[in-house]
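Here's a quick walk through the side chains of a single model. Have the sequence and the 3D view open as you read.

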Amino acid sequence: MRCIITGGTGFVGSHVVEIAVRRGFDVLCPVRDTASIGYLKGIPVKTCGLDTLESELRKSSETSYFIHVAGATRASTPSEYHSANVDFTRRLIDMLITTGASVNLKRFVLVSSQAAAGPSKKDYEPVSEDDLCSPISDYGRS
């Protein structure tokens with residue numbers, strides 16, 4: 001089974017890649033810079049540039065899982081966060097649909113941050129899925 005993982009060159013994403021490879025997935029990691037694979041060194045994965053992801057999706061409709069770990073944690077303006085974290089996610093989903101790759105897709109997983117939910121309103125109690133999101137930073141709002 002094929003699994004596409006964005007953000008694989010980062011700390012968290014590389015661990016997701018390692019687990020997927022260990023579980024026998026054929027992993028494709030779209031990356032911004034194919035010359036800078038960071039934490040992926042030594043892991044048996046295929047990489048492609050973000051600019052060629054669409055053609056990779058068109059080549060094979062065998063993608064079972066898409067795990068989106070990539071995201072900007074630093075930006076100069078709220079619009080830069082929005083572009084990197086919201087618009088980019090929308091483009092990925094649109095790409096899965098327009099290429100037909102979504103037909104066999106079992107799951108699309110979006111990995112986010114606690115910053116999106118915001119801090120707990122109750123002392124010593126974690127935020128739950130039932131709590132309203134109340135992010136306190138531009139990063140969290142994106």
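## A charged trio

Start with K46, E56 and K59, which are joined in a network of salt bridges. A salt bridge here is a side-chain nitrogen of Lys or Arg within 4 Å of a carboxyl oxygen of Asp or Glu. One link in that network is between the side chains of K59 and E56, at 3.3 Å from N to O. Both residues sit in helix α2 (residues 53-59), three residues apart, so about one helical turn separates them. Helices are DSSP runs of H or I with at least four residues, strands are runs of E with at least two, and both are numbered from the N terminus.

Are K59 and E56 buried or exposed? K59 is exposed, with a relative accessible area of 62%, whereas E56 is buried at 10%. The cut-offs are under 20% relative accessible area for buried, over 50% for exposed, and partly exposed in between (1.4 Å probe, protein chains only).

## What you're looking at

This is a predicted model, where local features need pLDDT of at least 70 and side-chain atom pairs count only at pLDDT 80 or more, while totals for chains, interfaces and linings use all residues. Residues are numbered from 1 along each chain as its sequence is written, and side-chain values use heavy atoms, with hydrogens and water left out.

## More salt bridges

How many salt bridges are there by this rule? The count is six. Among them is R90 with D87, whose side chains meet at 3.9 Å, N to O. That pair belongs to helix α3 (residues 78-98), with three residues, or about one turn of the helix, between the partners' positions. D87 is partly exposed, at 27% relative accessibility.

Another is D138 with R141, at 3.0 Å from N to O. Here the helix is α5 (residues 138-141), and D138 and R141 are three residues apart, about one helical turn. D138 counts as partly exposed at 32%, and R141 is partly exposed too, at 49%.

## Rings that pair up

A pair of aromatic rings is described by the distance of the centres and the angle of the planes. Rings of Phe, Tyr and Trp (its six-membered ring) pair if their centres lie within 6.5 Å; planes under 30 degrees apart are stacked, over 60 edge-to-face, and the rest tilted. The model has four aromatic pairs by this rule. One of them is F11 with Y39, an edge-to-face pair with 6.0 Å from centre to centre and 70° between the planes. F11 is in helix α1 (residues 11-22) and Y39 in the loop between β2 and β3, so the pair ties together parts that are 28 residues apart in sequence. F11 is exposed at 53% relative accessibility, and Y39 is partly exposed at 47%.

F66 and F108 make a stacked pair, because their ring centres are 5.3 Å apart and their planes are at 20°. This pair links distant parts of the chain: F66 is in strand β4 (residues 63-68) and F108 in strand β5 (residues 107-110), 42 residues apart. F66 is buried, with a relative accessible area of 0%, while F108 is partly exposed at 26%.

## A greasy spot on the surface

F11 and Y39 turn up again, this time with V12, V109 and V111, in a nonpolar surface patch with about 450 Å² of accessible area together. Patches are made of residues with over 30% relative accessible area and no salt bridge, joining like charges within 9 Å and nonpolar side chains (Val, Leu, Ile, Met, Phe, Trp, Tyr) within 5 Å. Accessible areas come from the Shrake-Rupley method with a 1.4 Å probe, and for residues only the protein chains shown count as cover. To find Y39, look in the loop between β2 (26-31) and β3 (46-49).

## Two residues to click on

N85 lies in helix α3 and is buried, at 14% relative accessibility. Its side chain shares a polar contact of 2.8 Å with the side chain of S142. A polar contact is a pair of N or O atoms within 3.5 Å; within protein, one must be able to donate a hydrogen and the other to accept it, and residues adjacent in sequence count only if both atoms are side-chain atoms. Setting aside neighbours within four places in sequence, N85 is in contact (heavy atoms within 4.5 Å) with G71, A72, Y139 and S142.

Then there's Y124, in the loop between α4 (114-117) and α5. Y124 has a positive phi of about 60° although it is not a glycine. Most residues other than glycine have a negative phi. Y124 is also exposed, with a relative accessible area of 84%.
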